[in-house]
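Hello,

Here is the structure I promised to pass on to you. Please have a look at it first, and then read on for what turned up.

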Amino acid sequence: MVFYYKARPDAGDYTIYMGADKNENEELIKYGLPEDVWFHVDKVSSAHVYLRLKKGESIDSICEALLEDCAQLVKAHSIQGNKMNNVEVVYTPWSNLKKSPSMDVGQVGFHNPRMVRVVIVEKRVNEIINRLNKTRVERRPDLKAEKDASNAVEKAERKMQLKDKKRREEMERLEKERRAEIRSYKGLMVAEKMTSNRQIASAGKSMQEMEDEFV
């Protein structure tokens, strides 16, 4: 079971989601998308909360309002963290999550600790939690199928981009050849003109000599 929430409208059209238990968290870790950002209360047990960004956005583009929704939600779903003030919530791109065979179910590490961000949640804000809960939808998604579909779309986009790149390169090559041909043609015309002038000058001199001889 996966719980889906809608962020506050003024933050934009964003979906926040989390697994119902640690086994579901394993599936979310395995089948996350490049646009996903993972949230967790630092150093204590909590839900794994994900924010799905739009294509082209990064972890550093998350606005304060959206960040607050995610941090409040993950704090509210931590037995220990929910009772604490000034809780540290860590978040990082899904692609930075590292899972090794020796780790327990639901446990993760990081490929690059420098890509991990921290936000302090001073206290639980019930107004935010209540608003998010009103948008909650429960689904049993086929995460693998969603991942495969996303990969297929991404592959098609890369193929199209490569095709466009090759087309632009070919157009640039043809344009360079055209310009080189024009320069060569102009050079040829100048050379022919110079040769013709020399021939005329030479012929003129010969006629003059003939006239002088005739006189």
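A quick word on terms before the strands come up: two strands count as paired if DSSP finds at least two bridges between them. With that in mind, β3 and β4 run antiparallel and are joined by 4 bridges. One position to look at there is tryptophan 38, whose bridge partner in β4 is tyrosine 50. Please also keep in mind that this is a predicted model.

β4 has another partner in β2, again antiparallel, with 4 bridges between the two strands. Here threonine 15 has arginine 52 of β4 as its bridge partner, and isoleucine 16 stands opposite leucine 51 in β4. β2 also pairs with β1, in the antiparallel sense and over 5 bridges. In that pairing, tyrosine 5 has isoleucine 16 of β2 as its bridge partner. β2 is mostly covered, with 4 of its 5 residues buried.

Now for the wider view. The protein chain has 4 helices and 9 strands. If you would like to trace them from the N terminus, the order is β-β-α-β-β-α-β-β-β-β-α-β-α. The chain has 215 residues, of which 33% count as buried. Among its contacts with a separation of 6 or more, 67% are between residues 24 or more positions apart.

Next, the nonpolar cores. Which residues touch the most other members of the largest one? They are Phe39, Leu51, Ile62 and Val89, out of 31 residues in that core. The elements that give two or more residues to this core are β1 (2–6), β2, β3, β4 (49–52), α2, β5 (87–93), β8 and α3 (126–134). α2 gives the most, with 7 residues. There is also a second, separate core of 14 residues, which includes Tyr17, Trp94, Val116 and Leu143.

Leucine 51 deserves a click in your viewer. Leaving aside its neighbours within four places in sequence, leucine 51 is in contact with Tyr14, Thr15, Ile16, Glu35, Asp36, Val37, Phe39, Ile62, Leu66 and Cys70.

Finally, the pockets. The largest pocket has a volume of about 470 Å³. It is lined by 26 residues, and those closest to its centre are His40, Val44, Ser45, Ser46 and His48. What is the make-up of this lining? It divides into 12 nonpolar, 10 polar and 4 charged residues. β2 (15–19), α1 (22–30) and β3 (36–41) each supply at least two residues of the lining, and β3 gives the most, with 3.

The second largest pocket holds about 160 Å³ of space. Its lining is made of Glu64, Leu67, Glu68, Ala71, Gln72, Val119, Ile120, Val121, Glu122, Lys123 and Val125. By type, these are 6 nonpolar, 1 polar and 4 charged residues. α2 (64–76) and β8 (117–121) each supply at least two of them, and the largest share, 5 residues, comes from α2.

If you want a place to start, try β3: this strand is joined to β4, and it also gives the most to the lining of the largest pocket. After that you could turn to α2, which gives the most to the largest nonpolar core and has the largest share of the lining of the second largest pocket.

Enjoy exploring, and best wishes

Notes:
Residues are numbered from 1 along each chain as its sequence is written. This is a predicted model: local features need pLDDT of at least 70, side-chain atom pairs count only at pLDDT 80 or more; totals for chains, interfaces and linings use all residues. Side-chain values use heavy atoms; hydrogens and water are left out. On a 1 Å grid over the protein atoms alone, a cavity is a set of points where a 1.4 Å probe fits but cannot get out, and a pocket is an open set with protein on both sides within 12 Å along at least five of seven lines; lining residues have an atom within 4 Å of a point. Grid points are joined across faces, edges and corners, and a volume is the space filled by probe spheres set on the points. Ala, Val, Leu, Ile, Met, Phe, Trp, Tyr, Cys and Pro count as nonpolar, Asp, Glu, Lys and Arg as charged, and the others, Gly among them, as polar. A nonpolar core is a set of buried Ala, Val, Leu, Ile, Met, Phe, Trp, Tyr and Cys residues joined through side-chain atoms within 4.5 Å. Buried means under 20% relative accessible area, exposed over 50%, partly exposed in between (1.4 Å probe, protein chains only). Contact means heavy atoms within 4.5 Å.
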